[in-house]
Every structure is written in structure tokens, then in C-alpha cells.
Amino acid sequence: MNAASQPIQDSFERAASRCGDLTPHVYQRLFEMHPETQAMFRSKGSEFVKGSMLALTIEAILDFAGERRGHFRLIACELASHDAYGTPRELFIAFFAVVRDTLRDLLDDEWTPEIAQAWDRFLVDIDAFAAAPA
């Protein structure tokens with residue numbers, strides 16, 4: 001793991017010590033910030049989909065911010081599949097900021113300048129990655 005990814009990993013670990021499941025927090029924020037996304041999830045069985053989607057997102061975030069051993073490639077695959085679903089690219093990328101903002105709120109006074117800086121750098125990098133030609 002490289003030094004740049006450590007604060008991001010720390011943010012997930014600290015949040016895990018404060019809450020058992022990030023999923024409802026992340027999706028509550030997503031639906032508040034982007035109400036149009038609620039219709040994208042069916043009402044029955046969507047909790048599993050949300051949890052699975054968030055778990056894969058966290059793996060991809062940690063890999064993208066870290067050693068880039070392969071999990072981050074899921075981002076490009078999911079970007080293409082969400083394009084096919086008609087999900088705007090900006091909305092796809094916004095999900096990463098939703099995760100960051102949820103962690104920031106959960107961590108409260110444990111949200112350090114190092115964590116904030118690492119997440120800011122990650123969001124810039126992920127935006128550039130998504131904008132690059134396939």
C-alpha cells in the first residue's frame with residue numbers, strides 16, 4: 001500500500017468502528033443529494049444490490065488510491081455498464097463523493113487534514129480516469 005492510500009483506508013477503518021454498516025448512510029445521502037437515483041433501485045431486493053455495489057466500490061477505491069493491482073479496473077467496467085443503463089457519467093462519479101462525504105460526517109472530529117487531502121486527490125484522479133478515453 002502506498003502512503004497516499006493510507007489516509008483513505010484509515011477513513012474506512014475509523015468509520016467501521018463507529019457504524020456497523022455504511023450502506024444505509026451512503027444511500028440516504030445519495031438519495032438526498034440526487035433524488036433521481038432512488039428510482040434506479042427496485043424496491044424489493046435492492047438492499048443486497050446496494051450493499052454489494054458499495055462493497056465493490058470500496059474495494060475499487062482502496063485499490064485505485066493504492067497499488068492498483070486490478071480491483072480499480074472494475075471502475076472502468078462499471079462506468080461502461082452504467083453508461084449502458086443510461087446513468088450520466090457525472091452521477092456515476094458523484095457516488096465517490098457521496099461515499100467521502102458520508103465518511104466525513106461519520107468521522108466528525110476524526111476527519112483529519114490528511115484524510116481530507118487524500119480524498120480530494122482521489123476525487124480529482126477518479127474524475128480524470130473516468131474522462132480518459134477507453
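This note goes through helix packing, burial and backbone geometry in a predicted model.

1. Helix 3, length. Helix 3 covers residues 46-65. A rise of 1.5 Å a residue over its 20 residues should give a span of 28 Å, and the end C-alpha atoms of helix 3 are 28 Å apart, so the two values agree. Within this helix, the C-alpha atoms of Glu-47 and Ile-58 are separated by 16 Å, with their positions 11 residues apart along the chain.

2. Helix 3, burial. The buried residues of helix 3 are Ser-46, Lys-50, Leu-54, Thr-57, Ile-58, Ala-60, Ile-61, Asp-63, Phe-64 and Ala-65. Lys-50 and Asp-63 are charged by class and are on that list. The partners against which the buried residues of helix 3 pack are helix 1 (6-18), helix 2 (23-33), helix 4 (73-85), helix 5 and helix 6 (113-131). An α-helix has 3.6 residues a turn, so residues three or four places apart point the same way. Lys-50, Leu-54, Ile-58 and Ile-61 are among the buried positions.

3. Helix 3 against helix 5. Two packed helices are described by the angle between their axes and the distance between the axes. For helix 3 and helix 5 (residues 89-107), the axes come within 12 Å and the crossing angle is roughly 90 degrees. An angle of 65 to 115 degrees counts as roughly perpendicular, and helix 3 and helix 5 are therefore roughly perpendicular to each other. On the helix 3 side the contact uses Met-53, Leu-54, Thr-57 and Ile-61, and on the helix 5 side Phe-95, Phe-96 and Val-99. By class this contact has 6 nonpolar residues, 1 polar residue and no charged residues.

4. Helix 2 against helix 3. Here the axes come within 10 Å and cross at roughly 95 degrees. Helix 2 and helix 3 are therefore also roughly perpendicular to each other. Thr-23, Val-26, Tyr-27 and Phe-31 of helix 2 meet Lys-50, Gly-51, Met-53 and Leu-54 of helix 3. The residues of this contact divide into 5 nonpolar, 2 polar and 1 charged. Met-53 and Leu-54 take part in this contact and also in the contact with helix 5.

5. Helix 2, burial. Thr-23, Val-26, Tyr-27, Arg-29, Leu-30 and Phe-31 are buried in helix 2. The buried residues of helix 2 pack against helix 3 and helix 5. Pro-24 also lies in helix 2, but Pro-24 has a relative accessible area of 46% and is therefore partly exposed. The C-alpha atoms of Pro-24 and Lys-50 are 8.6 Å apart, although the two residues are 26 residues apart in sequence.

6. Glu-47 and Lys-50. Glu-47 is found in helix 3 and, with 53% relative accessibility, counts as exposed. The side chains of Glu-47 and Lys-50 are joined by a polar contact of 3.2 Å. Lys-50 itself is buried, so this pair links an exposed residue to a buried one.

7. Arg-100 and Asp-101. Both residues belong to helix 5. Arg-100 counts as buried because its relative accessibility is 15%, and Asp-101 counts as buried at 8%. Their side chains form a polar contact of 2.6 Å. Leaving aside residues up to four places away in sequence, Asp-101 touches Arg-29 and Met-33. With the same exclusion, Arg-100 touches Trp-111, Trp-119, Asp-120 and Leu-123. Arg-29, one of the contacts of Asp-101, is a buried residue of helix 2.

8. Backbone, positive phi. Most residues other than glycine have a negative phi, and most peptide bonds are trans. Arg-68 is not a glycine, yet has a positive phi of about 50 degrees. Asp-108 likewise has a positive phi of about 50 degrees and is not a glycine. Arg-68 lies in the loop between helix 3 and helix 4, and Asp-108 in the loop between helix 5 and helix 6. With 37% relative accessibility Arg-68 counts as partly exposed, whereas Asp-108, at 56%, counts as exposed.

Key: Residues numbered from 1 in each chain as written. Predicted model: local features only at pLDDT ≥ 70, side-chain atom pairs only at ≥ 80, totals over all residues. Heavy atoms only, no water. Axes fitted to C-alpha atoms, helices over the stretch in contact; angles between N-to-C directions. Helix = DSSP H or I, 4+ residues; strand = E, 2+ residues; numbered from the N terminus. Parallel < 35°, antiparallel > 145°, perpendicular 65-115°, else oblique. Contact = heavy atoms within 4.5 Å. Expected span 1.5 Å × (residues − 1). Buried < 20%, exposed > 50% of the residue type's maximum accessible area, 1.4 Å probe, protein only. Polar contact = N/O pair within 3.5 Å; in protein donor to acceptor, adjacent residues only side chain to side chain.
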